[in-house]
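Reader: I'm new to this kind of picture. Could you walk me through how to read it?

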Amino acid sequence: MVKSDWKLPAMLLCSAVLSVLSNTAAHAFDINAGVSRESGPFDLFKFGFNAHKKGQKEEAVEAYRYAAEKGHTGSRWALANMYADGDGVVQNDFEAFKIYSEIASQGVEPGSEDTVYFVNALLSLAHYYHQGIPGSPVGVDLAQARQLYFQAASTFGFAEAQFQLARMILAGEGGKANVQQAKKWLNLARKSGHAGAMAVFGNVLFQEGQAVRGLAFMTAAIDKCSPKDCLWIQDMQERAFSLADEQDRRVAVALAPQIFTEVE
């Protein structure tokens with residue numbers, strides 16, 4: 001099952017959609033709802049979004065499917081996420097993969113209203129190619145995963161893509177390892193406030209002998225991390241702290257608050 005790392009853009013998109021649709025009432029998907037299979041794609045998407053928000057998963061799936069048939073990208077994205085998460089439907093990563101592939105194959109102009117859907121599809125596909133989907137034709141393809149992360153990182157500047165690309169470059173997955181290239185992408189992502197990138201960037205600095213700055217970045221990342229990331233970030237920071245001398249630890253802790261505003 002696809003986990004949360006690559007879904008950060010989708011989470012941001014949910015907030016944007018919620019702000020647009022928050023005043024729209026949700027109804028049951030029946031003859032009295034004012035929405036039918038023949039309704040316009042955005043009306044169906046709007047209905048599906050509100051139904052999903054209220055826990056009416058079957059109605060949401062039905063509305064999203066009808067809207068997706070009419071070519072609505074947001075509905076395709078929402079339906080793919082539901083398959084990926086097993087949310088209101090039987091969990092099916094290969095079905096999600098196929099829908100994400102449809103979105104990615106459409107292409108998008110940077111800055112258009114479909115950009116976040118498109119980039120999330122790229123991240124989702126990259127994750128699937130990185131892990132493979134057991135029992136499906138989708139096997140591990142690290143080169144393809146790296147290329148998709150590169151596309152989302154370079155063309156669209158998404159911090160999560162920059163972070164995932166940097167991790168692959170550090171590990172030499174899908175191509176040659178290159179610490180300097182990885183640092184470039186980590187630096188870009190951490191400037192956008194990505195806590196994971198901040199922590200890994202700090203760890204690389206620490207391993208290069210920049211103990212104080214490295215520890216400061218890892219310490220600062222702990223203050224910005226989401227619950228899903230805090231555990232591994234704390235483990236990384238604690239391992240580095242155990243190797244540092246007391247003076248470096250003290251200076252790093254004092255320096256950590258300044259890291260948030262550092263742009264170089």
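Author: Let's go from the overall layout to ring pairs, helix packing and a couple of single residues. One thing up front: this is a predicted model.

Reader: Okay, the big picture. How many helices and strands does the protein chain have?

Author: There are 13 helices and 0 strands in the protein chain. Written out in sequence order, the pattern is α-α-α-α-α-α-α-α-α-α-α-α-α.

Reader: What share of the residues counts as buried?

Author: The protein chain has 264 residues, and 48% of them count as buried. You can also look at how contacts span the sequence: taking those between residues at least 6 apart, 56% join residues at least 24 apart.

Reader: Now the rings. How do I read an aromatic pair?

Author: You describe a pair of aromatic rings by how far apart the centres are and by the angle of the planes. Searching the whole structure turns up 11 aromatic pairs. Take Phe-97 and Tyr-128: their pair is edge-to-face, with 6.1 Å centre to centre and 75° between the planes. That pair links distant parts of the chain, since Phe-97 sits in helix α5 (residues 93-106) and Tyr-128 in helix α6 (residues 115-131), 31 residues apart.

Reader: Are Phe-97 and Tyr-128 buried or exposed?

Author: Buried, both Phe-97 and Tyr-128. Tyr-128 also pairs with Tyr-100, and this pair is tilted, at 6.5 Å centre to centre and 40° between the planes. Tyr-100 belongs to helix α5 and Tyr-128 to helix α6, so the pair ties together parts 28 residues apart in sequence. Tyr-100 and Tyr-128 are both buried.

Reader: Which residues do ring pairs link into a cluster?

Author: Phe-94, Phe-97, Tyr-100, Tyr-128 and Tyr-129 are joined into a cluster by ring pairs.

Reader: On to helices. How do I describe two that pack together?

Author: Two numbers do it: the angle between the axes and the distance between the axes. Try α6 with helix α7 (residues 142-155): they pack at about 160°, and their axes are 8 Å apart. Angles over 145 degrees count as roughly antiparallel, so α6 is roughly antiparallel to α7. The crossing of α6 with α7 is left-handed.

Reader: What does α6 bring to its contact with α7, and what does α7 bring?

Author: The α6 side includes Phe-118, Leu-122, Ala-126 and Tyr-129, while the α7 side includes Leu-142, Ala-145, Leu-148 and Tyr-149. By class, this contact of α6 with α7 has 12 nonpolar, 4 polar and no charged residues.

Reader: Can I see a second example?

Author: Sure. Helix α10 (residues 195-207) and α12 pack at an angle of about 20°, with axes 10 Å apart. That makes α10 roughly parallel to α12, and their crossing is left-handed. Among the residues making the contact are Ala-199, Val-200 and Phe-206 of α10, with Trp-232, Ile-233 and Met-236 of α12. The class count for α10 with α12 is 9 nonpolar, 2 polar and no charged residues.

Reader: And single residues? Where does Gln-237 lie?

Author: Gln-237 lies in helix α12 (residues 227-243). Its relative accessibility is 11%, so Gln-237 counts as buried. Setting aside neighbours within four places in sequence, Gln-237 is in contact with Met-218, Thr-219 and Ile-222.

Reader: Where does Asn-178 lie?

Author: Asn-178 is in the loop between α8 (159-171) and α9 (179-191). With a relative accessible area of 33%, Asn-178 is partly exposed. Its C-alpha atom is separated by 9.6 Å from that of Met-168, 10 residues apart along the chain.

Key
Residues are numbered from 1 along each chain as its sequence is written. This is a predicted model: local features need pLDDT of at least 70, side-chain atom pairs count only at pLDDT 80 or more; totals for chains, interfaces and linings use all residues. Side-chain values use heavy atoms; hydrogens and water are left out. Rings of Phe, Tyr and Trp (its six-membered ring) pair if their centres lie within 6.5 Å; planes under 30 degrees apart count as stacked, over 60 as edge-to-face and the rest as tilted. Helices (H or I, at least four residues) and strands (E, at least two) are DSSP runs, numbered from the N terminus. Buried means under 20% relative accessible area, exposed over 50%, partly exposed in between (1.4 Å probe, protein chains only). Axes are lines fitted to C-alpha atoms, for helices over the stretch in contact, and angles run from 0 to 180 degrees between N-to-C directions. Angles under 35 degrees count as roughly parallel, over 145 as roughly antiparallel, 65 to 115 as roughly perpendicular and the rest as oblique. A crossing is left-handed if the near helix is turned anticlockwise from the far one by less than a right angle, and right-handed if clockwise. Contact means heavy atoms within 4.5 Å. Ala, Val, Leu, Ile, Met, Phe, Trp, Tyr, Cys and Pro count as nonpolar, Asp, Glu, Lys and Arg as charged, and the others, Gly among them, as polar.
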